[in-house]
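Got your viewer open? Let's take a walk through this one together, starting wide and then zooming in.

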Amino acid sequence: MIPLLPAPSLGIDIGGSKTQAVLLDEQARIVADHVRPTEVGSDGVIATALAAARGCVQLAGIGFGDLRGVGVGIPGRVDHPSGVVHTAVNLGLGRLPLGERLGELIGVEVRVDNDVKATLLGVAHRLDAHDADLSYVNFGTGVAAATLAGGRLVRGSDNLAGEIGHIPVRPGVGRCACGQDGCIEVLAGGAQITRRLSRLRPAVSLSTLMAAASDGHREAAAVADLAASGIADAVQLVVLAQGSDRVVIGGGVIQTAPGLADLARRLLVGRARGSAFLASLDLPGRLVVAPPEQPLAAVGAALLVRC
């Protein structure tokens, strides 16, 4: 279990368009929440994080000196022991010692981790599954996963564990940004789904995809089937690779087109009909959709302080 500490902790989720800060009390309850638009570049990211943090503690009527610590979740490749972000392309970052620079400005320890790993901690807290075998798969612009094994984050060398979006599963479907062909991210990443939808006539958006498919738009149905198959592939992959009891899926794709999760579940049911092995795993029963409208990434970032 994540221990309760005698002082509040602050979590900051830095995204490509917005940065959200939350303050957790000693019982890990949200007592303040503040959102700012994200400025890109090293100085912009730091200024945004500082402003979000300041706005959050002001809402709570406390100062930075009252904090136990600050946790930050950020996309990209992160060296979590040092708090250095090595790459975060969507934020215009190269190497940035984010933990050190933000810590100097706030005056307390700042811990930094990849945003999907931070979100997993928020998911585990929300599901009261801190000691579980649990995976979270984020379907946003790209696809990435994070796993708890017996309650401990699986990191691997260079904190690389979880980059399942770049595993090829469907050769011939299209080239991934990583340079490979047919990756999970090509099937179910938001950027690739949006690219396919942009070609359809009449126009279809991600938010109208499932309705269009239900109304008989054959091309939209094909896009939905491809995306759902990528989601199903990701769930099957993390269960087979990590043995997770539950696989929670979330991110912009799932939130914007929630029917894709139901379609992926039906695909997993169909796969089980043709395989006694898959049937024995009950993949559909392990699939869980992340609670909508919950600041899971920011909460998880705050919980980095308590790990």
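Among contacts in the protein between residues at least 6 apart in sequence, what percentage join residues at least 24 apart? The answer is 60%. Keep in mind as you look around that this is a predicted model.

Start with everything selected, shown as a cartoon. You'll be looking at 12 helices and 12 strands. The radius of gyration is 20 Å, close to the 19 Å that the globule rule gives for 307 residues, so the protein is as compact as a globular protein of that length. Turn the C-alpha trace about its principal axes and you'll find that it spans about 60 × 40 × 35 Å.

Now switch on the surface. About 13,100 Å² is exposed, and carbon and sulfur atoms supply 51% of that area. As for what lies beneath, 53% of the 307 residues count as buried.

Next, hide the surface and select residues 218-242, which form helix 7, along with residues 259-273, which form helix 9. Two packed helices are described by the angle between their axes and the distance between those axes. For this pair, the angle is about 65 degrees and the axes are 8 Å apart. Their crossing is right-handed.

Finally, show side chains where the two meet. On helix 7, pick A224, D225, A227, A228, S229, I231, A232, D233, V235 and Q236. On helix 9, pick L260, L263, A264, L267, L268 and R271. Color them by type: this contact has 11 nonpolar residues, 2 polar ones and 3 charged ones.

Note on methods:
Residues numbered from 1 in each chain as written. Predicted model: local features only at pLDDT ≥ 70, side-chain atom pairs only at ≥ 80, totals over all residues. Heavy atoms only, no water. Axes fitted to C-alpha atoms, helices over the stretch in contact; angles between N-to-C directions. Helix = DSSP H or I, 4+ residues; strand = E, 2+ residues; numbered from the N terminus. Left-handed = near helix turned anticlockwise from the far one by under 90°. Contact = heavy atoms within 4.5 Å. Nonpolar A, V, L, I, M, F, W, Y, C, P; charged D, E, K, R; others polar. Rg over C-alpha atoms; globule rule 2.2 N^0.38 Å. Buried < 20%, exposed > 50% of the residue type's maximum accessible area, 1.4 Å probe, protein only. Areas by Shrake-Rupley, 256 points an atom, 1.4 Å probe, with all protein chains shown as cover.
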